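Visitor: I should be grateful for a close look at one part of this model. Please begin with a single loop residue and then continue through the parts that you consider instructive.

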Amino acid sequence: MKILILNGPNLNLLGMREPEVYGNRSFEEYLDYLREKYRNVNIEYEQSNVEGKLIDKIHETGFTYDGIILNAGGYTHTSVALADAVAAVTAPVVEVHISNTARREVFRHTSFLSAVCVGTITGFGLNSYELGIQALLGRIGNDR
């Protein structure tokens, strides 16, 4: 099984950025934990602050990988282009957020991605990614 974790803008600052919201652990540290726990899953990781690079990565992997876990950061609330990319590929995409976006600023309450993803996981800190992996593992062999 091959899964891509794709992080959007400012998520490269995890561990340094707003620790009261995002915690004080870097994503790379957490990724080591995920790879150790899910040894039977090939977990690839990419982060970009550039919308077009995120779209390119979805296009590149969305027809050959078993799933994508996408935290589009602020693009979640603004990018029709990212939503179109997710809708265009065959791999199931799980939208994840570290914080509970419904408890944050009003502009974060709208996601352009939710309608084109197989599911959304929010508010469980970095564990949102692990829940995303579990969701994809549960979908293998099931209809999308």
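Guide: The loop that runs between β1 (2–7) and α1 (19–22) contains N10. In this predicted model, N10 has a positive phi of about 70°, although it is not a glycine. That value deserves attention because most residues other than glycine have a negative phi. N10 is partly exposed, because its relative accessibility is 37%, a value that lies between the 20% limit for buried and the 50% limit for exposed.

A second loop, between β4 (93–97) and β5 (119–122), holds F112. The residue T101 is placed in the loop between β4 and β5 as well. Are these two residues, F112 and T101, buried or partly exposed? F112 has a relative accessibility of 35%, so it counts as partly exposed. T101 has a relative accessible area of 13% and is therefore buried, since buried means under 20%.

Their contacts may be described in turn. When neighbours within four places in sequence are set aside, F112 touches T76, H77, T78, S79, V80 and A83. With T78, the separation along the chain is 34 residues, while the C-alpha atoms of F112 and T78 are 6.9 Å apart. For T101, again without the neighbours within four places, the contacts are R108, H109 and T122.

V80 and A83, both among the contacts of F112, carry numbers that fall within helix α4 (residues 80–88). The axis of α4 comes within 9 Å of the axis of helix α3 (residues 51–61), and the two cross at roughly 5°. An angle under 35 degrees counts as roughly parallel, and α3 and α4 are therefore described in that way. On the side of α3, the contact is made by E51, L54, I55, I58 and H59; on the side of α4, by A81, L82, A85 and V86. Sorted by class, the residues of this contact are 7 nonpolar, 1 polar and 1 charged.

Another pair of helices is α2 and α5, whose axes come within 10 Å and cross at roughly 30°. This angle is also under 35 degrees, so α2 and α5 are roughly parallel to each other. The crossing in which α2 passes α5 is right-handed. Here F27, Y30, Y33, L34 and K37 of α2 meet N127, Y129, E130 and I133 of α5. This contact comprises 6 nonpolar, 1 polar and 2 charged residues.

Several residues of that contact also take part in ring pairs. A pair of aromatic rings is described by the distance of the centres and the angle of the planes. The model has 5 aromatic pairs. One of them joins Y30 and Y129, with 6.4 Å from centre to centre and 55° between the planes, and this pair is tilted. The pair links distant parts of the chain, for Y30 belongs to helix α2 (residues 27–37) and Y129 to helix α5 (residues 127–139), 99 residues apart. Y30 and Y129 are both buried. Through ring pairs, F27, Y30, Y33, Y45 and Y129 are linked into a cluster. Among these, F27, Y30 and Y33 in α2 and Y129 in α5 are also residues of the contact between the two helices.

Technical notes:
Residues numbered from 1 in each chain as written. Predicted model: local features only at pLDDT ≥ 70, side-chain atom pairs only at ≥ 80, totals over all residues. Heavy atoms only, no water. Helix = DSSP H or I, 4+ residues; strand = E, 2+ residues; numbered from the N terminus. Buried < 20%, exposed > 50% of the residue type's maximum accessible area, 1.4 Å probe, protein only. Contact = heavy atoms within 4.5 Å. Phe/Tyr/Trp six-rings, centres within 6.5 Å; stacked < 30°, edge-to-face > 60°. Axes fitted to C-alpha atoms, helices over the stretch in contact; angles between N-to-C directions. Parallel < 35°, antiparallel > 145°, perpendicular 65-115°, else oblique. Left-handed = near helix turned anticlockwise from the far one by under 90°. Nonpolar A, V, L, I, M, F, W, Y, C, P; charged D, E, K, R; others polar.
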